[in-house]
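Please keep the structure open while you read this note. Each point picks out a few residues to find and look at.

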Amino acid sequence: MGVAVGIFAHQEERRIGRCLSSLPLDRADTVFHVLVNGSTDATAGRAREAAAGRTNVIVHDLAAGGKARTWNHFVHRLLTGGEDAVIFMDGDAEILAGSIDALVSDLTARPEANAAAGMPMNGRSADAYRRTLREERGLFGDLYALSGRFLAAIRLRGLRLPEDLIGDDGLVAAWAHTDLGRDADWRRERVLACEYAGFRCEAVSLLRPTTLRMQYRRMINYSVRFFQNRIISDIMGRDGVDGLPVRMDAVYGEWLPRFAPRALPVGWFDRKALARMRDFARGK
């Protein structure tokens with residue numbers, strides 16, 4: 001029993017130390033898994049330095065990248081199945097003191113809930129995002145928790161995210177709302193907005209060329225995610241979790257003829273995204 005924390009880190013050598021320093025690594029009931037995936041920089045080494053030999057901090061240096069693939073590995077290969085709660089967070093986030101306790105306490109107090117969302121605490125849109133979480137009860141991949149009972153059900157059924165899915169949070173929230181069913185089973189109260197758990201992310205500066213390139217790639221990924229979400233919504237409404245493919249690109253062929261770019265400026269990134277999806281559908 002106890003708590004597990006999964007920290008997902010890809011090319012985060014600059015941020016992983018600050019991320020780990022924001023965590024209560026001295027918690028005796030918690031195992032921290034640093035999931036370095038597909039990284040070619042010094043993320044794993046920096047994580048080991050920050051862990052300072054703590055036996056409850058395990059750094060996993062995984063060759064294959066991709067958050068969804070790493071999520072599956074964490075849930076099905078690294079967890080014991082007996083955790084009271086599991087925290088998921090990104091390696092570029094810093095969490096507020098007391099956040100783990102708040103997430104676990106909320107899930108303990110509301111045993112009918114499957115998930116609890118941490119709140120964004122900085123950035124121009126933070127207030128709007130917090131309102132959305134309170135109203136719609138979604139999840140941000142930067143920080144959320146799943147109950148041990150719910151994780152045990154996912155493990156028992158062998159459910160996995162499509163390994164090329166962009167963004168775990170939307171689909172995991174749908175699983176939580178529907179209790180691993182279909183959209184018709186959706187119940188808002190199964191996901192909690194945890195007011196006393198929060199995270200901070202580094203502000204994006206468009207003045208640095210490297211940041212511009214990163215933001216350009218990110219916008220294309222957001223467009224891919226937009227189209228993937230349309231596919232997932234159809235599957236969840238019709239077949240539920242059991243209808244999800246192993247990989248999203250396996251169903252691109254039947255869906256791409258139905259898709260068109262949105263209006264500019266986002267349409268520019270949609271065109272790039274659709275071109276990428278066509279390449280994957282052709283096996284390129």
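1. Start with a charged residue, lysine 67. Remember that this is a predicted model. Lysine 67 counts as partly exposed, because its relative accessibility is 23%. Its side chain meets that of aspartate 90 in a salt bridge, at 2.7 Å from N to O. This pair links distant parts of the chain. Lysine 67 belongs to helix 3 (residues 67–78), aspartate 90 to strand 4 (residues 85–90), and 23 residues separate the two. Aspartate 90 has a relative accessible area of 16%, so it is buried. The cut-off for buried is under 20%.

2. Stay with lysine 67 a moment longer. Its charged end also sits over a ring, that of phenylalanine 8. The distance to the ring centre is 5.3 Å. So look for two partners of lysine 67: aspartate 90 through a salt bridge, and phenylalanine 8 through its ring.

3. Next, phenylalanine 8 itself. Which residue forms a stacked aromatic pair with phenylalanine 8? The partner is phenylalanine 88. The centres lie 6.3 Å apart, with 15 degrees between the planes. Planes under 30 degrees apart count as stacked. Phenylalanine 8 is in strand 1 and phenylalanine 88 in strand 4, 80 residues apart along the chain. Both phenylalanine 8 and phenylalanine 88 are buried.

4. Now widen the view. Phe8 and Phe88 belong to one aromatic cluster, together with Trp71, Phe74, Tyr144 and Trp175. The structure as a whole holds 12 aromatic pairs.

5. Tyr144 from that cluster leads to strand 7 (residues 143–147). Is strand 7 enclosed or open? It is largely enclosed by the rest of the structure, because 5 of its 5 residues are buried. Leu143, Ala145 and Ser147 point one way from the strand. Tyr144 and Leu146 point the other way.

6. Check the neighbours of strand 7. Strand 4 runs antiparallel to strand 7, and 5 bridges join them. Here phenylalanine 88 turns up again, with tyrosine 144 as its bridge partner. Strand 6 (residues 115–120) also runs antiparallel to strand 7, with 3 bridges between them. Alanine 115 stands opposite leucine 146 of strand 7.

7. Turn to helix 2 (residues 43–51). Its buried residues include Thr43, Ala44, Ala47 and Ala51. Why do the buried residues line one face of the helix? Seen down the axis, they fall within an arc of 95 degrees, so they line one face. Among the elements covering them are strand 1 (3–9), helix 1 (16–21), strand 2 (30–37) and strand 3 (57–62). Just after helix 2 comes alanine 52, with a positive phi near 55 degrees.

8. Back to charges. Side chains of opposite charge can pair when their charged atoms come close. How many salt bridges does a search of the whole structure find? It finds 19. One of them you have met: aspartate 90 with lysine 67.

9. Another salt bridge joins aspartate 164 and arginine 247, at 3.6 Å from N to O. This pair, too, links distant parts of the chain, 83 residues apart. Aspartate 164 lies in the loop between helix 6 (148–157) and helix 7 (169–178). Arginine 247 lies in the loop between helix 8 (209–238) and helix 9 (252–255). Aspartate 164 counts as buried, at 17% relative accessibility. Arginine 247, at 25%, counts as partly exposed.

10. Now a salt bridge between aspartate 279 and arginine 282. Their closest N and O atoms are 3.6 Å apart. Aspartate 279 is partly exposed, at 31% relative accessibility. Arginine 282 is exposed, with a relative accessible area of 55%. Elsewhere, salt bridges that share partners join Glu163, Asp164, Arg247 and Asp249 into one network.

11. Finish with two more ring contacts. Arginine 258 lies over the face of tryptophan 255, at 4.0 Å from the ring centre. The pair of phenylalanine 226 and phenylalanine 227 is edge-to-face, because their planes stand at 75 degrees, with the ring centres 5.1 Å apart. Phenylalanine 226 is partly exposed, with a relative accessible area of 29%. Phenylalanine 227 is buried, at 0%.

Note on methods
Residues are numbered from 1 along each chain as its sequence is written. This is a predicted model: local features need pLDDT of at least 70, side-chain atom pairs count only at pLDDT 80 or more; totals for chains, interfaces and linings use all residues. Side-chain values use heavy atoms; hydrogens and water are left out. Buried means under 20% relative accessible area, exposed over 50%, partly exposed in between (1.4 Å probe, protein chains only). Helices (H or I, at least four residues) and strands (E, at least two) are DSSP runs, numbered from the N terminus. The arc is that of the directions from the helix axis to the C-beta atoms. Contact means heavy atoms within 4.5 Å. A salt bridge is a side-chain nitrogen of Lys or Arg within 4 Å of a carboxyl oxygen of Asp or Glu. Two strands pair if DSSP finds at least two bridges between them. Rings of Phe, Tyr and Trp (its six-membered ring) pair if their centres lie within 6.5 Å; planes under 30 degrees apart count as stacked, over 60 as edge-to-face and the rest as tilted. A charge sits over a ring if NZ of Lys or CZ of Arg is within 6 Å of the ring centre and within 35 degrees of the ring normal.
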